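I opened a fresh notebook page for this one and kept my entries short. Here is what I looked up, in the order I went through it.

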Amino acid sequence: VRIPADSPLVGKSLAESHLAEMAGLVVIGVIRGEQLEMMVDPAGTVLEADDLLIVKGRARENLEAIVALQNLEISKGAITSLRELESEETGMLEIVLSPHSSYIGRTLRQIEFRGRYDLNVIAIFREGRAYRSNLSTMTLRFGDALLVHGSRDKLRLLARNSNFISLADDVQPAPRLGRAKMAVAIMLGVVASVLLGWLPISLAALTGALLMVLTGCVTMDEAYRDIEWRAVFLIAGMLPLGIAMGTSGTAQMLADAVLTPVGRLGDLPLIGGLFLLSLLACQVMPTPVVVVLMAPVALASAANTGISPYAVIMTVAVGAASSFLTPVGHPANLLIMAPGGYRFKDFIRVGLPLAFVVLLVVLAVLPVFWPLR
């Protein structure tokens, strides 16, 4: 947008122009003469005649209205692609909100993204759709992908922020390889101690995590930050519910109503029904919750039919881990949905055949390792 000499915006700062408030336009840069200035300061940049503003917004709905009010000119063809705004100093980066991000549920304005990181958000990708206007008021969700533009130095700093996951390899922080052998040795020790029966898995995992911190493989802050506290409290809250289902007779009632009739058809139909029930439940509930709730039902079904409890519990475990039918079944599904441009039906299209394959494998292999009788 070019500012002619008779425009009322001449002599005003970008903040005083109120372009963002009135029309939802974001000024990405200013071309003054032969100089292109990116990431301009809204309060300190005073507009001059013949300045060329590079703005982002909806042309038909907002841009033409503000142009008419402020006596501006649209310079079509000046910037035909966002790629023209990239140089050795400036560039673009696609980032995704991490599962542990503290920005989930907040807007860009609330977290003061522009002032905090000195970067512009060009677009937000959500559920296969790109949003390019009124971004400052959009409530951020887990799985959102943000296209960010600005200084390459600032982009590198943003890529190291724990609230985001960078989708570009060239700005990812370099791995700390000095302790790689130690980390592998600790991991193998944890696995071996469990396989050999020396330690229960809970104690072995906790010991391994402690050794990772003591040996410097990770810092205490990194370990604390990467703990999924919501999952911890969710499981802690659901465990009493699972115990209550078993002691109150609710699990027995569900088993009698749902699984026992299927069990009369044979052991394999019971295993198949239990698998499908767990699979469907984990598409809308977290996997640990499904296991906690389904385990008492599975054990009650085993007691009713005389089938091995080891086999039914393993069936629940495999079924609850098959959370690939919907994007909400697992955080990893949401994490790839926006940057990959996937839709809800894409997960079903791939997940249904895969679920059928897993079901066949369970029916064929499970009785070999855990005999049903």
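**Entry 1: the main core.** I am working with a predicted model. I went to the largest nonpolar core, which has 26 residues. Those with the most contacts inside this core are Ile-271, Leu-274, Phe-275, Val-290, Ile-307, Val-312 and Val-362. I then checked which elements build the core: α11 (267-281), α12 (287-305), α13 (309-320) and α15 (344-369) each supply at least two residues. Helix α11 gives the largest share, six residues.

I picked Ile-271 for a look at its neighbours. Leaving out residues up to four places away in sequence, Ile-271 touches Ile-307, Ala-311, Val-312, Thr-315, Val-362, Leu-363, Leu-366 and Leu-372. A second core, separate from this one, has 20 residues, among them Tyr-103, Tyr-117, Leu-140 and Leu-158.

**Entry 2: Leu-140.** I stayed with this member of the second core. Leu-140 sits in the loop between β6 (129-131) and β7 (145-151). Is Leu-140 buried or exposed? I noted a relative accessible area of 2%, so Leu-140 is buried. Beyond its neighbours within four places in sequence, Leu-140 is in contact with Leu-97, Tyr-103, Ile-104, Gly-105, Arg-106, Leu-108, Ile-111, Ile-124 and Arg-126. I also took the C-alpha to C-alpha distance from Leu-140 to Leu-97: 8.4 Å in space, with their positions 43 residues apart in sequence.

**Entry 3: salt bridges.** I counted four salt bridges. Arg-126, already on my list as a contact of Leu-140, pairs through its side chain with Asp-144 at 2.6 Å, N to O. This pair links distant parts of the chain, with Arg-126 in strand β5 (residues 120-126) and Asp-144 in the loop between β6 and β7, 18 residues apart. Both Arg-126 and Asp-144 are buried.

Asp-153 and Arg-156 form another salt bridge, at 2.9 Å, N to O. They are separated by about one helical turn because they lie three residues apart in helix α5 (residues 152-159). Asp-153 is exposed at 53% relative accessible area, while Arg-156 is partly exposed at 34%.

The side chains of Arg-343 and Asp-346 meet at 3.8 Å, N to O. I have Arg-343 as partly exposed at 43% and Asp-346 as buried at 14%. Shared partners join Arg-343, Asp-346 and Arg-349 into one salt-bridge network.

**Entry 4: cysteines.** How many disulfides did I find? The count is zero. I looked at two cysteines anyway: Cys-217 is buried at 11% relative accessibility, and Cys-282 is buried at 0%.

**Entry 5: the surface.** I found a nonpolar surface patch of about 930 Å², made by Val-184, Met-187, Leu-188, Val-191, Leu-195, Leu-196, Trp-198, Leu-199 and Leu-203. Helix α6 (residues 180-195) gives the most to the patch, with five residues. Leu-203 is in helix α7 (residues 201-214), and this leucine is partly exposed, with a relative accessible area of 41%.

**Entry 6: totals for the page.** I logged 15 helices and eight strands. Of the 373 residues, 38% count as buried. The accessible surface comes to about 20600 Å², and 63% of that belongs to carbon and sulfur atoms. Last, I checked contacts between residues at least 6 apart in sequence: 72% of these join residues at least 24 apart.

Notes: Residues are numbered from 1 along each chain as its sequence is written. This is a predicted model: local features need pLDDT of at least 70, side-chain atom pairs count only at pLDDT 80 or more; totals for chains, interfaces and linings use all residues. Side-chain values use heavy atoms; hydrogens and water are left out. A nonpolar core is a set of buried Ala, Val, Leu, Ile, Met, Phe, Trp, Tyr and Cys residues joined through side-chain atoms within 4.5 Å. Buried means under 20% relative accessible area, exposed over 50%, partly exposed in between (1.4 Å probe, protein chains only). Helices (H or I, at least four residues) and strands (E, at least two) are DSSP runs, numbered from the N terminus. Contact means heavy atoms within 4.5 Å. Accessible areas come from the Shrake-Rupley method with a 1.4 Å probe; for residues, only the protein chains shown count as cover. Patches are made of residues with over 30% relative accessible area and no salt bridge: like charges are joined within 9 Å, nonpolar side chains (Val, Leu, Ile, Met, Phe, Trp, Tyr) within 5 Å. A disulfide is a pair of cysteine sulfur atoms within 2.5 Å.
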